[in-house]
Amino acid sequence: MKTLATSIFLLLVVAGARPADAAADCMSAANEVARKTGGEVLNVVSSGDGGNAACEITLRIPGRNGKPPRVVTRTIKD
């Protein structure tokens, strides 16, 4: 099992996909969107490869005028 995990990691590195960097970039983008909207980050998912990277961000946006908060999902392409 350890060998399989190591092989997958090496394959990702050789292919140019760096999951840790992509996740950090997505989290940074999510925090920026949350700051601009006044929302709260609920979930962040990174997908794609270097050329087609995208972040799917789920936020809870506070309600206005007595309305309940709403949950929105946004996709941000890199």
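**Exercise 1. A salt bridge between two strands**

Is Arg60 buried, partly exposed or exposed, and what is its relative accessibility? Find the salt-bridge partner of Arg60 as well, and say where the two residues lie.

*Solution.* The model is a predicted one, and every value used below is computed from it.

Step 1. At a relative accessibility of 35%, Arg60 counts as partly exposed, because partly exposed residues are those between the limits of 20% and 50%.

Step 2. The partner of Arg60 is Glu40, and the closest N and O atoms of this salt bridge are 2.9 Å apart. Glu40 is found in strand β1, residues 40-47, while Arg60 belongs to strand β2, residues 54-61, so the salt bridge ties together parts that are 20 residues apart in sequence.

Step 3. Glu40 is partly exposed too, with a relative accessible area of 43%. In the pairing of the strands, Glu40 stands opposite Arg60 in β2.

**Exercise 2. Salt bridges within a helix**

Determine how many salt bridges the structure holds, and work out which residues are linked in a network of salt bridges.

*Solution.* Step 1. The structure holds three salt bridges, one of which is the pair of Glu40 and Arg60 from the previous exercise.

Step 2. Arg35 forms a salt bridge with Glu32, and here the closest N and O atoms lie 2.7 Å apart. Both residues belong to helix α2, residues 19-37, where they are three residues apart, which means a separation of about one helical turn.

Step 3. Glu32 also meets the side chain of Lys36 in a salt bridge, with an N to O distance of 3.8 Å. This distance counts because the limit for a salt bridge is 4 Å. Glu32 and Lys36 are four residues apart in helix α2, again about one turn of the helix.

Step 4. Taken together, Glu32, Arg35 and Lys36 are linked in a network of salt bridges. Within this network Arg35 is exposed, with a relative accessible area of 58%, and Lys36 is exposed at 62%, whereas Glu32 is partly exposed at 33%.

**Exercise 3. The order of the strands**

In what order do the three strands of the open sheet stand, and which of them are the edge strands?

*Solution.* Step 1. The strands of β1 and β2 run antiparallel and are joined by seven bridges; in this pairing, the bridge partner of Val41 is Leu59 in β2.

Step 2. Strand β2 also pairs with strand β3, residues 70-77, in the antiparallel sense over eight bridges, and here Cys55 has Ile76 in β3 as its bridge partner.

Step 3. The result is an open sheet of three strands in the order β1-β2-β3, with antiparallel pairing. The edge strands are β1 and β3, since each pairs on one side only. Neighbouring strands of this sheet are turned against each other by 15 degrees on average, direction ignored.

**Exercise 4. The surroundings of β2 and the core**

Explain why β2 is described as largely enclosed by the rest of the structure, and name the elements that give two or more residues to the largest nonpolar core.

*Solution.* Step 1. Six of the eight residues of β2 are buried, so this strand is largely enclosed by the rest of the structure.

Step 2. Thr58 is found in strand β2 and is buried, with a relative accessible area of 14%. Leaving aside residues up to four places away in sequence, Thr58 touches Glu40, Val41, Leu42, Asn43, Val71, Val72 and Thr73.

Step 3. The largest nonpolar core has nine residues, namely Cys26, Ala29, Ala30, Val33, Ala34, Cys55, Ile57, Leu59 and Ile61. The elements that give two or more residues to this core are α2 and β2, and α2 gives the most, with five residues.

Step 4. Among the contacts of Ile57, again without residues up to four places away in sequence, are Cys26, Ala29, Ala30 and Val33, as well as Val72 and Ile76.

**Exercise 5. A residue in a loop**

Where does Asn65 lie, and is Asn65 buried or exposed?

*Solution.* Step 1. Asn65 lies in the loop between β2 and β3.

Step 2. With a relative accessibility of 81%, Asn65 counts as exposed, because the limit for an exposed residue is over 50%.

Step 3. A further point to note is the backbone of Asn65, which has a positive phi of about 55 degrees although this residue is not a glycine.

How values were computed. Residues numbered from 1 in each chain as written. Predicted model: local features only at pLDDT ≥ 70, side-chain atom pairs only at ≥ 80, totals over all residues. Heavy atoms only, no water. Buried < 20%, exposed > 50% of the residue type's maximum accessible area, 1.4 Å probe, protein only. Pairing = 2+ DSSP bridges. Contact = heavy atoms within 4.5 Å. Core = buried A, V, L, I, M, F, W, Y, C linked by side-chain atoms within 4.5 Å. Axes fitted to C-alpha atoms, helices over the stretch in contact; angles between N-to-C directions.
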